Amino acid sequence: MNKEELIREAFQAMKNTYSPYSNFPVGAALLTKDGRVFYGANIENASYPAGNCAERSALFSAYSNGVRKDDIEALAIVSEGKRISSPCGICRQVLHELLNPDTPIYLANRTETKTVTPQEILPDAFGKEDLAE
Ligand code: THU
């Protein structure tokens with residue numbers, strides 16, 4: 001599956017958004033090296049901080065099914081926004097933990113695509129090495 005196809009899958013995942021508060025649907029699709037795709041959408045809550053972003057939904061779904069960072073080929077995150085939406089701070093921290101530093105992340109809206117990596121979007125991250133003795 002190529003970049004355009006994975007982005008298309010992320011737009012499909014976006015249809016499952018539960019975002020009655022922001023009305024800002026986001027979708028994500030995570031591709032494994034063996035060709036499986038895990039989907040995520042943003043799932044909100046009346047208690048706002050209890051909501052989950054689309055990319056974390058996709059990552060947690062993959063990890064919950066036994067996928068680990070070395071198994072992951074790429075992640076696509078999409079929205080309908082006028083400009084490409086970029087992962088929030090909490091998601092950047094989660095992406096740092098659960099993806100390899102150079103795994104491609106495709107960000108897209110209906111008109112543009114941009115590729116970034118976890119290390120580019122969260123330099124000098126706090127991580128598990130910092131907790132090692
Ligand atoms: N959101 C995501 O799902 N991913 C992002 O990268 C940015 C923001 C969601 C969270 C919330 O449901 C809505 O978009 C508005 O912030």
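How do the residues of the lining of the largest pocket divide into nonpolar, polar and charged? Eleven are nonpolar, six are polar and three are charged. Keep that split in mind. One caution before I go on: this is a predicted model.

Let's stay with the largest pocket. The space in there comes to about 310 Å³. Its lining has 20 residues, and those closest to the centre are V26, N42, C53, A54 and C88. Two elements each give two or more residues to this lining: α2, spanning 54-64, and α3, spanning 89-98. Of the elements, α2 gives the most, with three residues.

Now, what occupies this pocket? The ligand sits here. Look at what surrounds the ligand. Starting from the N-terminal end, there are S22, F24 and V26. Then come N42 and E44. Next is the run C53, A54 and E55. S86 and P87 complete the shell. By class, that shell has five nonpolar residues, three polar and two charged. The charged pair is E44 and E55.

Which residues make the polar contacts? Let me take three, all to oxygen atoms of the ligand. In the side chain of E44, an N or O atom is 2.5 Å from a ligand oxygen. For E55, a polar side-chain atom lies 2.6 Å from a ligand oxygen. A54 uses its backbone instead: a polar atom there is 2.9 Å from an oxygen of the ligand. How much of the ligand's accessible area does the protein cover? On its own the ligand has 370 Å², and the protein covers 77% of that.

A54 is worth a second look on screen. This residue is among those closest to the centre of the pocket, and A54 is also part of the shell around the ligand.

On to the second largest pocket. Here the space is about 160 Å³. The lining includes K69, then H96, E97, L99 and P101. Further along the chain, P118, Q119 and L122 join in. G127, K128 and E129 finish the list. Three elements give two or more residues each: α3, α4 (118-121) and α5 (128-131). By class, this lining has four nonpolar residues, three polar and four charged.

One last link between the two sites. Helix α3 gives two or more residues to the lining of the largest pocket, and α3 does so for the second largest pocket too.

Notes. Residues are numbered from 1 along each chain as its sequence is written. This is a predicted model: local features need pLDDT of at least 70, side-chain atom pairs count only at pLDDT 80 or more; totals for chains, interfaces and linings use all residues. Side-chain values use heavy atoms; hydrogens and water are left out. A residue is near a molecule or strand if one of its heavy atoms lies within 4 Å of it. A polar contact is a pair of N or O atoms within 3.5 Å; within protein, one must be able to donate a hydrogen and the other to accept it, and residues adjacent in sequence count only if both atoms are side-chain atoms. Accessible areas come from the Shrake-Rupley method with a 1.4 Å probe; for residues, only the protein chains shown count as cover. On a 1 Å grid over the protein atoms alone, a cavity is a set of points where a 1.4 Å probe fits but cannot get out, and a pocket is an open set with protein on both sides within 12 Å along at least five of seven lines; lining residues have an atom within 4 Å of a point. A molecule sits in a cavity or pocket if more than half of its atoms lie within 2 Å of its grid points. Grid points are joined across faces, edges and corners, and a volume is the space filled by probe spheres set on the points. Helices (H or I, at least four residues) and strands (E, at least two) are DSSP runs, numbered from the N terminus.
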